[in-house]
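Welcome! Have a look at the chain shown here and turn it around a few times before reading on.

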Amino acid sequence: MANADPLLLVLKLALDSEEQAALLLKSAQLECQKRQNQLDALNNYRLEYMKQMQSQQGQAISASHYHQFHRFIRQIDEAIAQQNRVVADGEKQKNYRQQHWLEKQKKRKAVELLLENKEKKRQALELKKEQKMTDEFASQQFFRRNKP
């Protein structure tokens, strides 16, 4: 492998870079899912708490208990709003990582295309050489047969 094509090294680097970008994307996707699960848990907790309060409807509830309930719901709503921002940030990060991965993939495909075109040209030259040798051989045989 004395005359290794420098494009093969470029391809290896492009593949490594694409793989790294894919790992970062996967990590961002998992983080996004984790954040969404936390948001879902908060929403479910709020819903359950509201159902619990609704089941007590019609019963005598002290003003302090009612005030405490509303304060707690406000806190849950604030936590949900905060988690919505965290989820949105995670989505932005995931989208950035996906775009980065697509760019790396595009570069790798471009290098592969260059290598493919280079190989096609090499094969065409080889075919041309073989055809030239065949033509030469045929013409030499023709002259040998027709030589007095």
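The questions and answers below walk through this predicted model, from its overall shape down to single residues.

Q: How many helices and strands does the secondary structure of the chain come to?
A: Two helices have residue ranges you can follow along the chain: H1 covers residues 6–55 and H2 covers residues 63–145. Strands are quickly counted, as there are zero of them. The totals are zero strands and two helices.

Q: What radius of gyration does the chain have, next to a compact globule of 148 residues?
A: Start with the extent of the C-alpha trace, which spans about 130 × 30 × 20 Å along its principal axes. A compact globule of 148 residues would have a radius of gyration near 15 Å. The chain, by contrast, has 35 Å.

Q: Among contacts between residues at least 6 apart in sequence, what percentage join residues at least 24 apart?
A: One example of residues far apart in sequence is Gln 29 and Gly 90, which are 61 residues apart along the chain, while their C-alpha atoms are separated by 8.3 Å. Another is Val 10 and Leu 113, 103 residues apart along the chain, with C-alpha atoms separated by 12 Å. For the contacts of the chain as counted in the question, the share is 86%.

Q: How far are the C-alpha atoms of Glu 119 and Phe 72 separated?
A: Glu 119 is found in helix H2, and Phe 72 lies in helix H2 too. Along the chain they are 47 residues apart. In space, their C-alpha atoms are separated by 69 Å.

Q: Is Gln 83 buried or exposed?
A: Gln 83 lies in helix H2. Not counting residues up to four places away in sequence, it touches Arg 35, Gln 38, Leu 39 and Leu 42. Buried means under 20% relative accessible area. With a relative accessible area of 11%, Gln 83 is therefore buried.

Q: Which label, buried, partly exposed or exposed, fits Gln 29?
A: Gln 29 has its place in helix H1. The partly exposed label runs between the buried cut-off of 20% and the exposed cut-off of 50%. At 35% relative accessibility, Gln 29 counts as partly exposed.

Q: What kind of aromatic pair do Tyr 45 and Phe 72 form?
A: The structure holds three aromatic pairs. In the pair of Tyr 45 and Phe 72, the ring centres are 6.0 Å apart and the planes stand at 80 degrees. Planes over 60 degrees apart count as edge-to-face. So this pair is edge-to-face.

Q: Which helices does the pair of Tyr 45 and Phe 72 tie together?
A: Tyr 45 is partly exposed, with a relative accessible area of 44%, and Phe 72 is partly exposed as well, at 25%. The pair ties together parts that are 27 residues apart in sequence. Since Tyr 45 lies in one helix and Phe 72 in the other, the two parts are H1 and H2.

Q: Which residues do ring pairs link into a cluster?
A: Two members you have already met are Tyr 45 and Phe 72, whose rings form a pair. Ring pairs link them with two further residues. The cluster is Tyr 45, Tyr 49, Phe 69 and Phe 72.

Q: How far apart do the centres of the positive and negative side chains lie?
A: The chain has 27 positive side chains and 19 negative ones. Each set has its own centre, and the distance between the two is 3 Å.

Methods: Residues are numbered from 1 along each chain as its sequence is written. This is a predicted model: local features need pLDDT of at least 70, side-chain atom pairs count only at pLDDT 80 or more; totals for chains, interfaces and linings use all residues. Side-chain values use heavy atoms; hydrogens and water are left out. Rings of Phe, Tyr and Trp (its six-membered ring) pair if their centres lie within 6.5 Å; planes under 30 degrees apart count as stacked, over 60 as edge-to-face and the rest as tilted. Helices (H or I, at least four residues) and strands (E, at least two) are DSSP runs, numbered from the N terminus. Buried means under 20% relative accessible area, exposed over 50%, partly exposed in between (1.4 Å probe, protein chains only). The radius of gyration is taken over C-alpha atoms; the globule rule is 2.2 Å times the number of residues to the power 0.38. Contact means heavy atoms within 4.5 Å. Lys and Arg count as positive and Asp and Glu as negative; His and the chain ends are not counted. The place of a charge is taken as NZ of Lys, CZ of Arg, CG of Asp or CD of Glu.
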